[in-house]
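Visitor: Could you take me through one part of this protein up close? I work at the bench, so a plain tour would suit me well.

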Amino acid sequence: MSAVMLRKKVTRRWEKLPGRNTFCCDGRIMMARQKGVFYLTLILIVGTCALFFAFECPYLSKYLSPAIPVFAIILFMFVMAMLLRTSFSDPGVMPRALPDEASYIEMEIEAANGSVPQGQRPPPRIKNVQINNQLVKLKYCYTCKIFRPPRASHCSICDNCVERFDHHCPWVGNCVGKRNYRYFYLFVLSLSLLTIYIFAFDIVHLVLRSLKDGFLDTLKNTPGTVLEVVICFFTLWSVVGLAGFHTYLVALNQTTNEDIKGSWSGKNKVQNPYSHENLLKNCCEVICGPVYPSLLDRRGIIQDVKTTTAPTTWDENLPPPTTVSTAPLIGNEVVSNTQKCTSSEQKVSDNEESKDSKLADSKHSKSADLHSPVSAKDTTETS
């Protein structure tokens, strides 16, 4: 025999989210699928710092100051915290429109544009809004079926619309947007400081050893320091240049996407409506502004009920168990039960009618017996 069991399967919303993202730790970590360059970033940072702590820090703490490795450890931990915070967080992905919402938006667009004759290209799907007395266009996303808010853009790598989209950074393995841009900027800024710090004390280490042992002997005796100098020399220019570029963007309250497209350049005589025209206010808004909540609800629960058949064994000496159906009656069961009820009611009514007819007949016969002698006597008297 077998028994039917109902089992509830708990499904999180991140398992059903569209787009090209990967999730870990039950949806708490969100990254892009292309993570190879991110692992290279970890190897370069951790490897360079490990060489610095192993070869330079013992010598420098002994002959210069023990505060040098302490400050290096603090700076390294801050860099790693900002990197992981940028890589593992939701950059500001916008949820896609539901089928009902998408159909409603399509109806609104068709009503606004009217019927387009065949062979003609339909007009662009754009809405105009006014921000700080400046006209801003909202573009329609054919993938997400929504009108993107201001400064949002669709990432072709992650296949998602991201609020205040800056760019997709393969070095952090994630998009950079509204919710993680400040951590990305602090990561780039602190990484540039860490690179300069390690590069400077590598040179100091080589100079101090060269004064005692000579330059060539120092290079032979400290291969780890030479490797650090080479790595820091080639990464210094790119990291420091990137930090300077994003400092310029933060001061103007712009994004990389807007700067590349020239959205607020003087060519179109369009001013940046998001800039406060004050460097300090722009920096405070980007770095010290509020942390916006995620719109995805990645750990929300979607309950699915699954029916499973589990075999059960019964003792042959015991009678078979009786099952009582507690499910509501639907369909043919309701019709059959109503028919049974009406037939039983009709039988009861027929029995009652037969009883009433029998009682009436008995009363009629008794009344006839009582009146019959009187009528006979009357007839004899008249005769």
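Visitor: Which residues make the nonpolar surface patch of about 330 Å²?

Guide: Happy to show you. Please keep in mind that this is a predicted model. The patch you ask about is made by Val37, Leu40, Leu44 and Trp171, and its area comes to about 330 Å². Let's begin with Val37, which sits in helix α1, a helix covering residues 36-63. Val37 has a relative accessible area of 32%, so it is partly exposed. That value matters for the patch because a member needs over 30% relative accessible area.

For the wider setting, the protein has 383 residues, and 33% of them are buried. Its secondary structure amounts to nine helices and 11 strands. About 24,800 Å² of the protein is exposed, with 62% of that supplied by carbon and sulfur atoms. Among contacts with a separation of 6 or more, 65% are between residues 24 or more positions apart.

From the patch, we can move on to the cysteines. The disulfide count is zero, a disulfide being a covalent bond between the sulfur atoms of two cysteines. Take Cys24: its closest cysteine sulfur is in Cys25, at 6.1 Å, which is too far for a bond. Cys24 is partly exposed, because its relative accessibility is 38%. Cys232 has its closest cysteine sulfur in Cys49, 8.4 Å away, so this pair is also too far apart for a bond. With 2% relative accessibility, Cys232 is buried.

The backbone has some points worth a stop too. Most residues other than glycine have a negative phi. Asp26, in the loop between β2 (21-24) and β3 (29-32), has a positive phi near 60 degrees. Its relative accessibility is 31%, so Asp26 counts as partly exposed. Asn253 also has a positive phi, near 55 degrees, and belongs to the loop between α6 (223-252) and α7 (256-261). Asn253, however, is buried, because its relative accessibility is 1%.

Another positive phi takes us to a hairpin. Strands β4 and β5 form it with two residues between them, and Asn132 in the turn has a phi of about 55 degrees. The strands, residues 126-131 for β4 and residues 134-141 for β5, run antiparallel and are joined by six bridges. If you would like a place to look along this pair, find Lys127, which stands opposite Leu138 in β5.

Key:
Residues numbered from 1 in each chain as written. Predicted model: local features only at pLDDT ≥ 70, side-chain atom pairs only at ≥ 80, totals over all residues. Heavy atoms only, no water. Helix = DSSP H or I, 4+ residues; strand = E, 2+ residues; numbered from the N terminus. Buried < 20%, exposed > 50% of the residue type's maximum accessible area, 1.4 Å probe, protein only. Contact = heavy atoms within 4.5 Å. Areas by Shrake-Rupley, 256 points an atom, 1.4 Å probe, with all protein chains shown as cover. Pairing = 2+ DSSP bridges. Patch = residues over 30% accessible without salt bridge, like charges linked within 9 Å, V, L, I, M, F, W, Y side chains within 5 Å. Salt bridge = Lys/Arg side-chain N within 4 Å of Asp/Glu carboxyl O. Disulfide = S-S within 2.5 Å.
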